[in-house]
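Reader: I am new to this structure and would like a close look at one part of it. Please take me through the second largest pocket and what lines it, and then set it beside the other main features.

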Amino acid sequence: MDALAVREVFAEGLGLRKWIINDARAAALAESYFGAGRALESFNIVYFGYGIGGGSIIERRLYAGSFGNAAALGSYFPHAARRPSGQDRLNYAADRGLRVDSLFDLPEDLSQHIDVGPWIDWTCDQLHPVLELVKVMFDGEAIVIGGLLPSAVEQRIAEGLEARTPAHVRETRYLASSLARQEFHLAAASIPQFEITHPHAYKGQVAKGARDPHRADRHTKAQAWTRRQAFASDKEIAPLPA
């Protein structure tokens with residue numbers, strides 16, 4: 001079933017507005033509202049689910065690209081080969097005697113159970129070249145490492161990537177997500193918040209309540225004249241003519 005069909009099923013069943021985006025882009029929205037991206041205008045996220053993905057926020061707006069493929073990091077790492085991902089993290093743990101059913105079952109103090117250093121080093125070596133290219137092309141404020149890994153592992157990946165970066169190109173920072181993996185539901189909750197409240201969703205008139213464009217123009221000119229008069233009064237200079 002394609003995305004269009006899924007949307008129609010939900011629309012018919014629930015009678016509500018519906019949106020479908022992937023988990024990495026939803027996570028980018030959650031990060032911008034609730035996480036490490038709250039104070040950032042533009043950033044990318046590297047998202048560790050069972051695969052690996054990404055999302056881009058440009059000037060507080062989710063950017064999907066011309067064909068919907070922006071920040072699709074998974075396409076850079078072939079599925080047929082070993083790739084940095086949550087599933088690879090599970091395989092690495094299982095090979096060392098720590099077998100769990102899901103990423104949520106990985107203990108937060110993972111380093112107390114197995115040596116995660118080699119996996120983190122390998123992951124950083126795989127990611128760093130492509131993310132440095134993202135830095136050059138995107139020039140965002142940060143690249144956030146997030147997803148369903150334990151927070152301490154995400155932090156060590158961010159630190160490892162930062163350590164591999166030459167000092168003269170460190171304007172874009174590597175940051176660990178400030179959202180715990182148990183808060184993954186915030187990603188889904190962020191989609192309607194973005195689609196309904198972000199300025200891109202507003203379809204009304206610029207001058208609210210002004211049905212006549214000529215009336216709106218007069219109203220705008222009157223406001224501008226009032227502001228000029230107030231400014232002139234404050235500065236004790238003659239007001240500008242209308």
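Author: In this predicted model, helix α2 gives the most to the lining of the second largest pocket, with five residues. About 200 Å³ of space lies in this pocket. Its lining has 19 residues, and those closest to the centre are Ala27, Tyr47, Glu183, Phe184 and Ala187. Two or more lining residues come from each of α2 (23-34), β1, β4 (142-147) and α6 (185-197). By class, the lining of the second largest pocket is made up of eleven nonpolar, four polar and four charged residues.

The largest pocket holds about 270 Å³ of space. It is lined by 19 residues, of which Asn44, Ser56, Ala71, Leu73 and Val134 are the closest to its centre. The elements giving two or more residues to that lining are β1 (43-48), β2 (52-58) and α4. Of these, α4 gives the most, with five residues. The lining of the largest pocket has 15 nonpolar and four polar residues, and no charged ones.

Helix α4 appears again in the largest nonpolar core. That core has 50 residues, and Val46, Phe48, Trp119, Leu131 and Ile157 touch the most other members. Helix α4 (residues 117-138) gives the most to this core, with seven residues. In soluble globular proteins, nonpolar side chains tend to be buried together. For Ile157, leaving aside neighbours within four places in sequence, the contacts are Phe48, Trp119, Ile120, Thr123, Cys124, Ile145 and Leu149.

Terms used: Residues numbered from 1 in each chain as written. Predicted model: local features only at pLDDT ≥ 70, side-chain atom pairs only at ≥ 80, totals over all residues. Heavy atoms only, no water. Core = buried A, V, L, I, M, F, W, Y, C linked by side-chain atoms within 4.5 Å. Buried < 20%, exposed > 50% of the residue type's maximum accessible area, 1.4 Å probe, protein only. Helix = DSSP H or I, 4+ residues; strand = E, 2+ residues; numbered from the N terminus. Contact = heavy atoms within 4.5 Å. 1 Å grid on protein atoms, 1.4 Å probe; cavity = no way out; pocket = protein on both sides within 12 Å on 5 of 7 lines; lining within 4 Å. Points joined across faces, edges and corners; volume = space filled by probe spheres on them. Nonpolar A, V, L, I, M, F, W, Y, C, P; charged D, E, K, R; others polar.
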